[in-house]
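Got your viewer open? Load the model, show it as a cartoon, and keep the selection box handy for the stops below.

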Amino acid sequence: MENNPTAIQVVAAALIDGAGQVLLAQRPWTKHHGGLWEFPGGKVDQHESHQHALVRELQEELDITALAAHFQYIGSADAGAQKPIQLHLYWVPQWQGQILALEHLALRWVAVDVIVKQSGNDLPMPPGDQALAKMLEKFHGSAAS
C-alpha cells in the first residue's frame, strides 16, 4: 500500500511472547469498534516518528517500555473508516515491564494462525486489524523459515 500523507497515521504492535503468541487488546465500549480485538497502538502525533509513537502508545496503554531498536516493520493497511486512516504494524519482540490493560477491556495472548482464523468469530477485529493479521501471518511464516 502506498503511504498516504493525508491519512491519519496509526501504529500498532505485534507484541510476541516467549511462546510465539501475539497480544491482542479489546477496545473499550465507548470507542469506535468497541468490544472488538485489535493490535495495541495509536495515532502518530505531528512531527513524531512511527517508532517513537509506538513506544509512547505502548507506555500509555500497557505500561511497558518497548525497545524500538528491535522493531521490524510488517506492513500497512487502510482502516476502512470514514476518515482515511492508515495502520502500520510492527513486530515487537522485546519490551521491559509487566503488561497491564490500562486502556482496554481485556488483553489476550493468541497464536498467529488463530488470530487470522478467528478474526470473524471468537476474536472479532476491525477491518484494518484483520488485514494486518493476514500480513502478520505471512511475515511470521517467513520469519520462522
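**Whole chain first**

Of the 145 residues in the chain, 44% are buried (buried means under 20% relative accessible area, exposed over 50%, and partly exposed in between, with a 1.4 Å probe and protein chains only). Before you click further: this is a predicted model, where local features need pLDDT of at least 70 and side-chain atom pairs count only at pLDDT 80 or more, while totals for chains, interfaces and linings use all residues. Residues are numbered from 1 along each chain as its sequence is written, and side-chain values use heavy atoms, with hydrogens and water left out.

Colour by secondary structure and you get three helices and nine strands. Here helices (H or I, at least four residues) and strands (E, at least two) are DSSP runs numbered from the N terminus. Read from that end, the order is β-β-β-β-α-β-β-β-β-β-α-α.

Now switch on a surface. The accessible surface of the chain is about 7600 Å², and carbon and sulfur atoms own 51% of that; the areas come from the Shrake-Rupley method with a 1.4 Å probe, and for residues only the protein chains shown count as cover. For a feel of the contact map, take contacts between residues at least 6 apart in sequence: 67% of them join residues at least 24 apart (contact means heavy atoms within 4.5 Å).

**Stop 1: the three-stranded sheet**

Select residues 21–26, which is β2. This strand belongs to an open sheet of three strands, ordered β3-β2-β9 with antiparallel pairing (two strands pair if DSSP finds at least two bridges between them). The edges are β3 (37–38) and β9 (106–111), each pairing on one side only. Strands of a sheet pair through backbone hydrogen bonds, either parallel or antiparallel.

How many bridges join β2 to β9? Six, with the strands running antiparallel. To check the register, label Gln-21, which sits opposite Ala-111 in β9, then Ala-25, which faces Leu-107 in that strand. On the β3 side there are two bridges, again antiparallel, and Gln-26 has Trp-37 as its bridge partner there. Colour β2 by accessibility and you'll find five of its six residues buried.

**Stop 2: the largest pocket**

Centre the view on Val-10, Arg-27, Glu-38, Lys-43 and Ile-85, which lie nearest the centre of the largest pocket, out of 29 lining residues. On a 1 Å grid over the protein atoms alone, a pocket is an open set of points where a 1.4 Å probe fits, with protein on both sides within 12 Å along at least five of seven lines; lining residues have an atom within 4 Å of a point. The space inside is about 750 Å³, where grid points are joined across faces, edges and corners and the volume is what probe spheres set on the points fill.

Which elements supply at least two lining residues each? They are β1 (8–15), β4 (41–43), α1 (50–62), β7 (85–92) and α3 (127–144). β1 gives the most, with four residues. Colour the lining by chemistry and it splits into 12 nonpolar, seven polar and 10 charged (Ala, Val, Leu, Ile, Met, Phe, Trp, Tyr, Cys and Pro count as nonpolar, Asp, Glu, Lys and Arg as charged, and the others, Gly among them, as polar).

**Stop 3: two positive phi angles**

Go to His-47, in the loop between β4 and α1. Its phi is near 65 degrees, a positive value in a residue other than glycine. Is His-47 buried or exposed? Exposed, because its relative accessible area is 81%.

Next, pick Asp-63, in the loop between α1 and β5. Asp-63 isn't a glycine, yet its phi is positive, about 60 degrees. At 34% relative accessible area, Asp-63 counts as partly exposed.

**Stop 4: Ala-68 and Trp-95**

Ala-68 is in the loop between β5 (65–66) and β6 (72–78), and its 32% relative accessibility makes it partly exposed. Leave out neighbours within four places in sequence and Ala-68 is in contact with Gln-51 and Val-55. Draw a C-alpha distance from Ala-68 to Gln-51, 17 residues apart along the chain, and you should read 6.1 Å.

Finish at Trp-95, in strand β8 (residues 95–96). Not counting residues up to four places away, Trp-95 touches Leu-15, Ile-16, Asp-17, Ile-64, Thr-65, Ala-66, Leu-67 and Trp-109. One last distance: Trp-95 to His-70 is 9.3 Å, C-alpha to C-alpha, with their positions 25 residues apart in sequence.
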